[in-house]
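Me: I would like a close look at a single part of this protein, namely its largest pocket. Please describe what lines the pocket, and then turn to some other features of the chain.

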Amino acid sequence: MITIKDEAVIHLQNLQDANPEQPLRVAVVGGAQGPGLGIIPDEKNGEDQVFDYQGVKLVIEPNLMGYCRQITIGFQEGKEGACGGSSGSGFLIQAQVPIS
């Protein structure tokens, strides 16, 4: 099951609006702190599980969903930077069983 927190919904909708026909994939991605979960625009594959929430279509491979069991998507607002941008903003994706 995927749970989307209220603060993440508008940001996912904005991401989806860039290409409304293309779902957003919850996938394993690499980072400076090792592997974790991320969200990327992608096509649906044959066996993908599909979650539709307030106009946002998320897809995930069944094996990954089975491994993680429960995924929660939140969003963290960063602090305003010196150049007018924000730093530290982004999706916070947590799995019941963390990716290692």
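Reply: What follows describes the largest pocket first and then two other places in the chain. The model is predicted.

The largest pocket holds about 250 Å³ of space. Its lining is made up of 14 residues, and the closest to the centre of the pocket are Gly 34, Pro 35, Gly 36, Leu 37 and Ile 93. Two strands, S3 (36–41) and S9 (90–95), each supply at least two residues of this lining. The largest share, three residues, comes from S9. Sorted by class, the lining has eight nonpolar and six polar residues, and no charged residues.

A second place to examine is the hairpin formed by strands S4 and S5, which has two residues between the strands. Strand S4 covers residues 49–53 and strand S5 covers residues 56–60; the two pair in the antiparallel sense over five bridges. One of the residues involved is Gln 49, whose bridge partner in S5 is Ile 60. In the turn of the hairpin, Gln 54 has a positive phi of about 50 degrees.

A third place is Asp 6, which belongs to helix H1 (residues 6–17). The relative accessibility of Asp 6 is 65%, and Asp 6 therefore counts as exposed, since the cut-off for that class is over 50%. Asp 6 and Gly 74 are 68 residues apart along the chain, and their C-alpha atoms are separated by 7.6 Å.

Terms used
Residues numbered from 1 in each chain as written. Predicted model: local features only at pLDDT ≥ 70, side-chain atom pairs only at ≥ 80, totals over all residues. Heavy atoms only, no water. 1 Å grid on protein atoms, 1.4 Å probe; cavity = no way out; pocket = protein on both sides within 12 Å on 5 of 7 lines; lining within 4 Å. Points joined across faces, edges and corners; volume = space filled by probe spheres on them. Helix = DSSP H or I, 4+ residues; strand = E, 2+ residues; numbered from the N terminus. Nonpolar A, V, L, I, M, F, W, Y, C, P; charged D, E, K, R; others polar. Buried < 20%, exposed > 50% of the residue type's maximum accessible area, 1.4 Å probe, protein only. Pairing = 2+ DSSP bridges.
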